[in-house]
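Biologist: I have a model on screen and would like to walk through it with you. Can we take it strand by strand, then turn to the helices and the ligand?

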Amino acid sequence: MAGGGAPSDASGSGSLAASLREAARRFGTPAYVTSVAALEAAAAELRDAFPDPWLRAFSLKANDVPAIVARLGELGLGANVVSAGEWAAARRAGIPDDRVTLEGIGKTASDLRAAVRAAAEGRPLRWVAVESAAELEALAALAGRAELGAGRGAWGSGGGRPALDVLLRLNPDVAPETQAGLAVGRGSSKFGMTETELTAAAAAIPEGSPLHLLGIHLHVGSQLGAVDAWRDAVRRGLALLALIGAGREGFDTFDVGGGFPVGEPGTVPSPARFARELPALLDGLPADRRPARLAVEPGRFLVARAGWLVGTVLHVRERAGAERVVVLDTGMTELIRPALYGARHRVAALTSLGLPRELPLPGKPAIGADLAPARVDGPVCESTDTFDRHDLPPLRRGDLVAIADAGAYAASMSMTYNGRPRPPQVLLEPDGRLVLGRRRGRA
Ligand SMILES: Cc1ncc(COP(=O)(O)O)c(C=O)c1O
């Protein structure tokens, strides 16, 4: 991922660098610091691209810290979760169950049971998106045993009064413009059903059963560098929705997943650019076969740029004939993306030899006569624990650095390897206040 992030917070109360230094002083390092103003800006941009009545849910896999999820909930986002664990985090964040969607390839029997139980107790999830015919069968069996049907699904129509609404996940079989590890919409990926499998799965659930088949879910991939695969996938999904919906009452909902990228301004398509593809795709369908309900479920776009990982320099190795190596107190345990799939995150100094530094402007390389390349490594006993090379000023033990775009797939992917406690989550409020959202060591 390219670097990014704003040079200063919208608070107008001093520089972002000063706030990050203050967070380090008060809460120690490593620490995740998230700008609430940046969360608000991302949520507003998403809403402008996909306005009501689009359903907008935040995908908790990108960041499952309840303090962050709660802020997004206040900004009108529902929650998209992949397990009972993430669902619990959404609940702790105050997101009501009827704004929660459950999807994911790894749902266990107990996850499915929890969804059925919630429906039976009259607080159904917005929907469950199933990955395979076998999962659908298992869910139907649980729903049958729980005698669902007495209540109502969040979107279920009258008549048989189904109590649990279900989307079927389509594998769109496209070529997503992203790195291989994130290209989940490829035909060879483990996610979703083929068109044939999905059609057969739908046919196996009779209308009026305790499960109400509501529509189709898909996700093309993460950090999409262009809109073409997404357009292909949406076209396929809409065509299948129309086909199945022609013979099935209430099969009228389409969830296009997430995948909106972050990067330097102008280098990646915005949510609005994706949204611009939709009118032509919808116009391609007969008016009575267009979806009644549309949904997006982005993760990264909402949180990535808002988050910074603040660390402290532990060692600087400057040896004749060798590159400068800076070892931080934070690394793959707090931000695994570089080690996992070679993601690049900008690293900038917050202090140099103890003196404060400002952060470089977004999209601009750091400028300074005293900058020189350094390899920035983490503290973990693995040689893959590195943030790669960056131009940095002179550094010594105790200097502070900030790692950009650490709001997505950082805290939620963090681990305690080497006995390292999870970092605190600090919120930088729009008025400049720093608020502790989660203490160090809390899961
Ligand atoms: C089904 C689904 N929805 C949403 C997302 C969120 O993706 P992103 O963070 O790229 O928006 C993912 C990510 O893997 C996903 O698998």
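Biologist: In which sense do β10 and strand β17 pair?

Modeller: Bear in mind that this is a predicted model. Strand β17 covers residues 400-403 and is joined to β10 over 4 bridges. Within that pairing, Thr312 stands opposite Leu400 in β17. The sense of the pairing is antiparallel.

Biologist: Which residue stands opposite His315 in β11?

Modeller: Strand β11 spans residues 325-328, and 4 bridges pair it with β10 in the antiparallel sense. The residue of β11 opposite His315 is Val327.

Biologist: Strand β1 also joins β10. Which residue of β10 stands opposite Ala31?

Modeller: β1 takes in residues 31-35, and β10 takes in residues 307-317. The two run antiparallel, with 4 bridges between them. Opposite Ala31 stands Val310.

Biologist: Now the barrel. How many strands does it have?

Modeller: The barrel is closed and its pairing is parallel. From one strand to the next, the twist averages 30°. The order runs β2-β3-β4-β5-β6-β7-β8-β9, a count of 8.

Biologist: Which residue of β8 stands opposite His217?

Modeller: Strand β7 (residues 211-217) pairs with strand β8 (residues 253-255) over 3 bridges. That pairing is in the parallel sense. His217 has as its opposite number in β8 Asp255.

Biologist: On to the helices. Why is α5 oblique to α6?

Modeller: Helix α5 covers residues 109-120 and helix α6 residues 133-145, and their axes come within 10 Å. The axes cross at roughly 45°. An angle between 35 and 65 degrees is neither roughly parallel nor roughly perpendicular, so α5 counts as oblique. The value behind the term is roughly 45°.

Biologist: How many charged residues are in the contact of α5 with α6?

Modeller: α5 contributes Ala109, Leu112, Arg113 and Val116, while α6 contributes Ala138, Leu139, Leu142 and Ala143. By class, 7 are nonpolar and none is polar. The charged count is 1.

Biologist: At what angle does α5 run to β6?

Modeller: α5 lies across β4 (100-102), β5 (127-130) and β6 (164-169). To β6, α5 runs at about 145°.

Biologist: Last, the ligand. Which residues come nearest?

Modeller: There are 18 residues around the ligand. By class, that shell has 5 nonpolar, 9 polar and 4 charged residues. The nearest are His219, Ser222, Gly258, Gly299 and Arg300.

Technical notes: Residues numbered from 1 in each chain as written. Predicted model: local features only at pLDDT ≥ 70, side-chain atom pairs only at ≥ 80, totals over all residues. Axes fitted to C-alpha atoms, helices over the stretch in contact; angles between N-to-C directions. Parallel < 35°, antiparallel > 145°, perpendicular 65-115°, else oblique. Contact = placed C-beta atoms within 7 Å. Nonpolar A, V, L, I, M, F, W, Y, C, P; charged D, E, K, R; others polar. Near = placed C-beta within 6 Å. Pairing = 2+ DSSP bridges.
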